Amino acid sequence: MYGKALKPLSLATVATLSAAYALAFFYAPNDADQGFVQKIFYLHVPLAIVALGGFIAGALMAIGYLRSGDRRWDMRSYVAIHLSLIFAVGALVTGSIWARASWGHWWVWSEPTLVSFLIVFLLYACYQPLRFAIEDPERQARYAAVFAVVAGAFVPLNFLAVRMATPLVHPRLLGATGSLPGAMELTFVIALAGMALLWTTLWKYEMASKAASMQLRSLRRKLAARVEGVSLGGPDGADAQTRSAAPHSPTPVRAPAEPVEL
Amino acid sequence: MSAVSTLVRKDLLLELRKRESVPAMALFSLSAFVLFHFGINRSSVDGDLAAGLLWVTLLLASLLGVGRLFVAERDEEGFDAIRLAPVDASALLAAKSLSLLAFLAIVEVVAIPGFAILLLGPALLPALPGLLAVLALADIGIAVVGTLASALAVQTRARELIVALMGLPLLVPVALGAARASAPLLQAGGPGALPGRWLGLLGLYDLVFALVAYAVFDYLLDD
């Protein structure tokens with residue numbers, strides 16, 4: 001079900017990203033101040049925005065899980081946060097390179113956006129250790145969802161706190177896109193769209209893979225049950241057949257083993 | 001309400017009998033001041049540096065208490081008892097936050113004079129009224145977020161590790177707000193005015209996380 005639109009989506013991603021970076025290199029003018037280095041802006045800012053958006057999306061999907069109890073929402077939230085973490089690493093690395101090139105330092109504490117981003121990254125880096133330190137799958141999903149919601153609420157508050165603490169030297173993009181020259185703005189918007197498409201495509205790929213391996217596991221389990229039924233002979237075989245006719249559920253629930261009366 | 005006070009009384013009584021968290025937190029703070037003295041090679045500090053040392057120490061000390069907050073519930077089946085009793089999750093959240101708040105207050109009664117004697121350059125007394133306001137707002141934030149982090153971490157295999165990993169980034173705004181708010185109080189030439197915007201930030205943090213904790217705490221209990 002996640003595999004449906006993968007091909008057109010992948011093609012659209014490749015096309016948009018290629019167009020964005022072709023525009024960045026051949027169409028958008030060099031920055032008057034920073035020169036060629038400023039081109040990293042078309043990579044760094046979309047990465048950062050999409051990573052933050054992904055964290056928020058992960059929090060919303062976690063709310064979906066807490067409200068519905070449907071394990072698929074938990075899986076979506078997990079994949080969203082895990083992908084956004086990777087994008088966040090990309091944003092931190094490109095931001096650091098940009099800072100080095102334009103201010104001469106790899107890390108600039110007076111840049112609130114970069115600092116807040118690091119704090120948010122450190123918090124989300126805790127998501128997987130927390131998740132995989134819990135054994136029971138149902139509790140794992142629930143606790144991870146609570147963490148995702150808490151961290152989602154933390155993101156804006158943290159940005160406010162760090163922004164209050166620092167004099168503003170960072171180019172403020174979200175409020176100031178209007179002041180970009182037209183050619184730069186167009187390139188930026190296309191790069192942002194391409195990055196968002198990339199995130200969505202990767203998210204769908206991972207969801208498709210997760211759904212497929214879950215389905216495979218449930219089929220294997222059914223097969224094992226049937227083989228057992230056949231080797232035992234008798235009515236168990238019929239039971240296995242009715243079970244395999246049941247609609248696929250993404251999280252196969254095995255009935256607890258009943259004590260055998262001797 | 002009576003459920004909350006019963007739970008708080010239980011926690012305080014337990015702490016009074018076992019003395020597990022509070023003495024450890026207080027001792028940790030004093031040792032940290034000694035470490036800082038040697039680490040930064042200064043015998044007295046003021047202003048930004050004083051506020052930073054004080055708040056980093058208090059935050060790290062509070063994590064020790066946070067890590068142990070739900071241990072009795074988990075080890076002695078207290079969660080089951082609370083679920084069986086006609087008490088809802090928000091009562092447990094409120095009770096645990098209040099207990100942690102009480103622990104922090106007791107620790108600060110030791111740690112703040114200790115800091116004044118060991119490291120602080122300017123006199124403590126003139127700064128105290130402003131500092132108490134900062135302490136109150138910051139402690140509420142630490143108590144609420146600490147309760148949440150503790151409840152999240154207590155069911156994991158690596159409890160202490162998760163508390164530290166999750167608590168530190170979550171408490172960065174508290175460290176920031178509290179240190180910036182107390183820096184002018186601790187400056188060399190007598191306390192300056194209390195900066196209202198940092199108190200506002202701490203208050204906003206307390207409010208947001210109190211609401212978030214109230215909204216999600218149910219899910220950490222129902223098993």
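A salt bridge is taken here as a side-chain nitrogen of Lys or Arg within 4 Å of a carboxyl oxygen of Asp or Glu. In this predicted model, A:Glu135 and B:Arg157 form such a bridge, with their closest N and O atoms 2.7 Å apart. The distance of 2.7 Å falls within the 4 Å limit, so the pair qualifies. Across the interface of chain A and chain B, the rule finds one salt bridge. Polar contacts between the two chains come to six residue pairs, both residues being at pLDDT 80 or more.

Several helices build the side of chain A that touches chain B. Helix H4 (112-124), helix H5 (127-132) and H6 of chain A each supply at least two of its residues. H6(A) gives the most, with 16 residues. By residue class, this side of chain A divides into 23 nonpolar, one polar and three charged.

The interface was also described by contacts and by area. In chain A, 27 residues are in contact with 30 residues of chain B. The two chains bury about 2,700 Å² between them. Carbon and sulfur atoms carry 75% of that area. Three residues, A:Tyr143, A:Leu157 and A:Met164, supply 22% of the area that chain A buries against chain B. No other three residues supply more.

Attention then turned to the nonpolar cores. In soluble globular proteins, nonpolar side chains tend to be buried together. The largest nonpolar core of the model holds 131 residues. The members that touch the most other members are A:Phe117, A:Phe147, B:Trp55, B:Phe115, B:Met166, B:Phe209 and B:Phe217. Helix H6 (residues 137-165) of chain A contributes the largest share of this core, 18 residues. A second, separate core has eleven residues, among them A:Ala24, A:Val45, A:Trp98 and A:Ala191.

The surroundings of B:Trp55 were examined further. Neighbours within four places in sequence were left aside. B:Trp55 is then in contact with B:Val134, B:Leu135 and B:Ala138. Its other contacts are B:Ala178, B:Ala179 and B:Ser182.

Chain B as a whole is helical in its secondary structure, with ten helices and zero strands. From the N terminus on, its elements run α-α-α-α-α-α-α-α-α-α. Chain B has 223 residues, and 51% of them count as buried. Among contacts in chain B with a separation of 6 or more, 82% join residues 24 or more positions apart.

Note on methods: Residues numbered from 1 in each chain as written. Chains lettered and ligands numbered in written order. Predicted model: local features only at pLDDT ≥ 70, side-chain atom pairs only at ≥ 80, totals over all residues. Heavy atoms only, no water. Core = buried A, V, L, I, M, F, W, Y, C linked by side-chain atoms within 4.5 Å. Buried < 20%, exposed > 50% of the residue type's maximum accessible area, 1.4 Å probe, protein only. Helix = DSSP H or I, 4+ residues; strand = E, 2+ residues; numbered from the N terminus. Contact = heavy atoms within 4.5 Å. Buried area = accessible area lost by both parts, 1.4 Å probe. Polar contact = N/O pair within 3.5 Å; in protein donor to acceptor, adjacent residues only side chain to side chain. Nonpolar A, V, L, I, M, F, W, Y, C, P; charged D, E, K, R; others polar.
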